[in-house]
Amino acid sequence: MEASTSHDPERNSAFYAPLPEHPSSGGAPATRSRPLKGFVVILASVVFLLSLVALIINQSQEPLPMPNRVPSASPTSKPASFSEAEPRGVAEGVSAKSNPSLLNEASFNWTNAMFSWQRSAYHFQPQKNWMNDPDGPLYHKGWYHLFYQYNPDSAIWGNITWGHAVSRDLIHWLYLPLAMVPDCWYDINGVWTGSATLLPDGQIVMLYTGSTNESAQVQNLAYPANLSDPLLLDWLKYPGNPVIVPPAGIETDEFRDPTTAWLGPDGTWRITIGSRFNETIGISLVYQTTNFTDYELLDGVLHAVPGTGMWECVDFYPVAINGSVGLDTSAFGPGIKHVLKASLDDTKVDHYALGTYDPVTDKWTPDNPEEDVGIGLKVDYGRYYASKTFFDQDKQRRILWGWINETDTETADLKKGWASLQTIPRSVLYDNKTGTHLLQWPVKEVESLRLNSTVFEEVLVEAGSIVPLDIGPATQLDILAEFEIESLESNTTDEVSDCGDGAIDRSTFGPFGILVIADDSLSELTPVFFRPVNTSDGSLKTYFCADETRSSKANDVFKQVYGGKVPVLDDENYNMRVLVDHSIVESFAQGGRTVISSRIYPTEAIYGAARLFLFNNATGVNVKATLKIWEMNSAFIRPFPFEEPL
Ligand code: DQQ
């Protein structure tokens with residue numbers, strides 16, 4: 001049962017001195033309340049490296065103002081620079097799959113205790129070793145199945161097989177033996193990403209990319225050996241593989257990741273596969289099939305966007321306008337929009353756009369060409385890639401999975417013995433209120449992990465202040481927070497736009513939000529915040545951001561300010577939900593319109609030293625925060641207990 005406590009901020013108040021550099025409340029104290037190959041590949045990786053370097057250089061090194069806290073500036077990280085060394089994966093025909101090493105940075109003196117703390121308690125990750133993309137998620141005979149790109153031998157990318165796990169509720173996972181390993185000429189260099197299709201007669205079809213003995217990318221068919229096995233332990237590869245080879249005009253190492261199939265009005269199936277054309281145009285090809293062994297490439301493409309480069313892990317699915325449930329992948333007709341998502345190989349960012357699919361011409365058109373795939377909305381504004389949805393026919397919902405990579409060094413990953421997580425599965429709906437966004441929300445089942453909760457009501461957070469929230473252990477949390485700001489009327493135009501240089505960058509209306517995984521002296525902290533901005537055209541825009549720049553004292557960790565715009569409608573307060581699970585922080589703004597996943601590697605704000613705070617670094621407004629915070633249980637992810645009855 002849930003124990004709920006309400007804290008009166010006034011009763012528990014203490015005082016903070018005004019900010020030394022920016023006295024914002026007339027010196028009045030703030031109130032404390034309790035509670036590929038060749039040059040193409042090299043070019044792509046250089047672009048990737050340069051953009052990362054640029055992002056790092058952009059990080060500000062000023063400390064977050066810390067009223068009444070340590071007098072000297074907290075230790076800040078020097079900008080880290082990435083190695084020029086070619087990342088692994090390139091030779092195998094996919095671009096960088098690992099973090100380049102953080103050279104020129106003294107390696108931090110990581111301890112085993114620090115490494116152990118980083119392992120998450122309720123996010124899916126294998127028992128050990130490397131994981132990347134989610135593959136072929138599906139629901140079968142009472143079990144959710146997750147397959148994933150997995151290296152059984154090491155904590156770095158390579159020797160890619162399909163790991164396999166099952167769960168009754170998408171949260172409590174049980175590891176199963178490997179589903180598919182690279183053992184045929186057509187996948188000997190890797191059983192790469194693929195998708196499942198459930199056929200009306202109950203059959204399950206799995207299409208995946210194989211990297212061949214010559215590192216060409218081909219599409220292969222596999223199916224369960226025994227459909228009556230709820231665990232789908234054995235998988236058979238079709239003897240006629242590959243079923244699709246790269247078509248003329250497409251590079252043989254730029255043709256991968258088949259989607260779930262959908263049934264067209266003509267009664268034949270279609271799949272789409274990402275690729276690149278003419279150097280820079282990201283494209284999605286469409287194939288038609290009746291039997292999943294023979295395929296015909298349709299004329300033209302589902303969609304193409306110049307300048308977006310190679311599209312990996314394309315996802316294509318319908319969403320209901322004014323609907324509250326998910327749709328089967330084959331649904332089409334009035335009242336339905338289609339989402340097209342591509343994972344951009346050049347930038348390692350997942351982008352999506354809403355649009356209309358014509359099932360006769362097999363073309364998709366974005367609602368807003370200015371927000372087309374790859375140049376508009378991101379699925380997640382943080383560290384997130386290679387996402388994939390599936391339709392949960394049991395609960396009539398569409399579930400989204402996404403891969404969260406590490407942002408530390410490979411050396412650290414090898415010492416830890418593991419690398420990467422999957423997000424908490426998220427349900428995906430069309431945002432009826434804006435008509436421009438999707439809403440992503442952690443699946444209901446994650447709430448079964450909620451333990452005791454603490455409520456804080458209308459805590460005043462004055463401009464330039466930080467308020468501790470006394471909640472006990474703060475490393476496994478589910479936080480719901482709502483913020484009201486005093487007044488938004490101002491004729492000033494803010495100089496700071498978007499997420500600025502992070503939480504230290506002050507503007508009239510923001511930033512304000514929470515500091516997660518912070519130690520008591522605020523030497524390490526990760527702000528998750530809103531920044532409303534008055535723009536020169538007179539409109540008010542809000543950005544939702546996560547600032548990792550002070551998340552760790554270690555320099556050999558990649559730290560970034562992440563974020564993007566979030567629509568806040570007239571009848572809405574600013575609201576966020578934040579799932580904290582050790583080294584991963586997943587943050588959802590405005591019901592999931594904008595989402596940010598962060599990875600953090602603190603050295604001091606760990607175990608009992610991790611705390612939670614409210615902060616308001618705006619210069620012109622006070623905010624009132626109302627929060628409900630649950631401590632979260634572990635999901636106790638473990639090997640499948642074959643010896644016990646099901
Ligand atoms: N990961 C797989 C590829 C895919 C890439 C290889 C995306 O199939 O394009 O591990 O991360």
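Modeller: Three classes of residue come first: Ala, Val, Leu, Ile, Met, Phe, Trp, Tyr, Cys and Pro count as nonpolar, Asp, Glu, Lys and Arg as charged, and the others, Gly among them, as polar. This is a predicted model, where local features need pLDDT of at least 70, side-chain atom pairs count only at pLDDT 80 or more, and totals for chains, interfaces and linings use all residues. Residues are numbered from 1 along each chain as its sequence is written, and side-chain values use heavy atoms, with hydrogens and water left out.

Biologist: How many residues of each class are in the lining of the second largest pocket?

Modeller: A pocket is an open set of points on a 1 Å grid over the protein atoms alone, where a 1.4 Å probe fits, with protein on both sides within 12 Å along at least five of seven lines; lining residues have an atom within 4 Å of a point. Here 16 residues line the second largest pocket. By class they are 10 nonpolar, five polar and one charged.

Biologist: Which residues lie nearest the centre of that second largest pocket?

Modeller: The space in this pocket is about 280 Å³, taken as the space filled by probe spheres set on grid points joined across faces, edges and corners. Among its 16 lining residues, those nearest the centre are Thr197, Leu198, Asp328, Thr329 and Phe391.

Biologist: Which elements give two or more residues to the lining of the second largest pocket?

Modeller: Elements here are DSSP runs, numbered from the N terminus: helices (H or I, at least four residues) and strands (E, at least two). The elements that give two or more are strand 6 (129–140), strand 10 (191–198) and strand 24 (385–392).

Biologist: Which residues have the most contacts inside the largest nonpolar core?

Modeller: A nonpolar core is a set of buried Ala, Val, Leu, Ile, Met, Phe, Trp, Tyr and Cys residues joined through side-chain atoms within 4.5 Å. The largest one has 64 residues. Those with the most contacts inside it are Ile479, Phe483, Ile514, Leu614 and Leu627.

Biologist: Which strand gives the most to this core, and where does the core lie?

Modeller: Strand 32 (residues 476–485) gives the most, with five residues. Domain bounds come from an automatic or database domain assignment. Both domains give residues to the core, so it lies between domain 1 (131–442) and domain 2 (449–632).

Biologist: How many residues does the second, separate core have?

Modeller: Its members include Ala121, Leu170, Val443 and Leu579. The count for this second core is 27 residues.

Biologist: Why does Val516 count as buried?

Modeller: Val516 lies in strand 33 (512–518). Buried means under 20% relative accessible area, exposed over 50%, partly exposed in between (1.4 Å probe, protein chains only). Val516 is buried because its relative accessible area is 1%.

Biologist: Which residues does Val516 touch, not counting those up to four places away in sequence?

Modeller: Contact means heavy atoms within 4.5 Å. Val516 touches Ile479, Leu525, Thr526, Val578, Val580, Val585, Arg611 and Leu612.

Biologist: How far apart in space are Ile283 and Met310, C-alpha to C-alpha?

Modeller: Ile283 is in strand 17 (residues 281–289). Its relative accessible area is 5%, so Ile283 is buried. Along the sequence Ile283 and Met310 are 27 residues apart. In space, C-alpha to C-alpha, they are apart by 7.4 Å.

Biologist: Is Asn322 buried or exposed?

Modeller: Asn322 is in the loop between strand 20 (311–320) and strand 21 (336–344). Leaving out residues up to four places away in sequence, it touches Tyr430 and Asn432. With a relative accessible area of 64%, Asn322 is exposed.

Biologist: What is the separation of the C-alpha atoms of Val314 and Ser387?

Modeller: Val314 is in strand 20. Val314 is buried, at a relative accessible area of 1%. Val314 and Ser387 are 73 residues apart along the chain. Their C-alpha atoms are separated by 8.5 Å.

Biologist: What is the omega of the peptide bond from Gly510 to Pro511?

Modeller: Most residues other than glycine have a negative phi, and most peptide bonds are trans. Pro511 lies in the loop between strand 32 and strand 33. The bond from Gly510 to Pro511 is cis, with omega near 5°.

Biologist: What is the phi of Ser420?

Modeller: Ser420 lies in the loop between strand 26 (418–419) and strand 27 (421–422). Ser420 is buried, with a relative accessible area of 0%. Its phi is positive in a residue other than glycine, near 90°.
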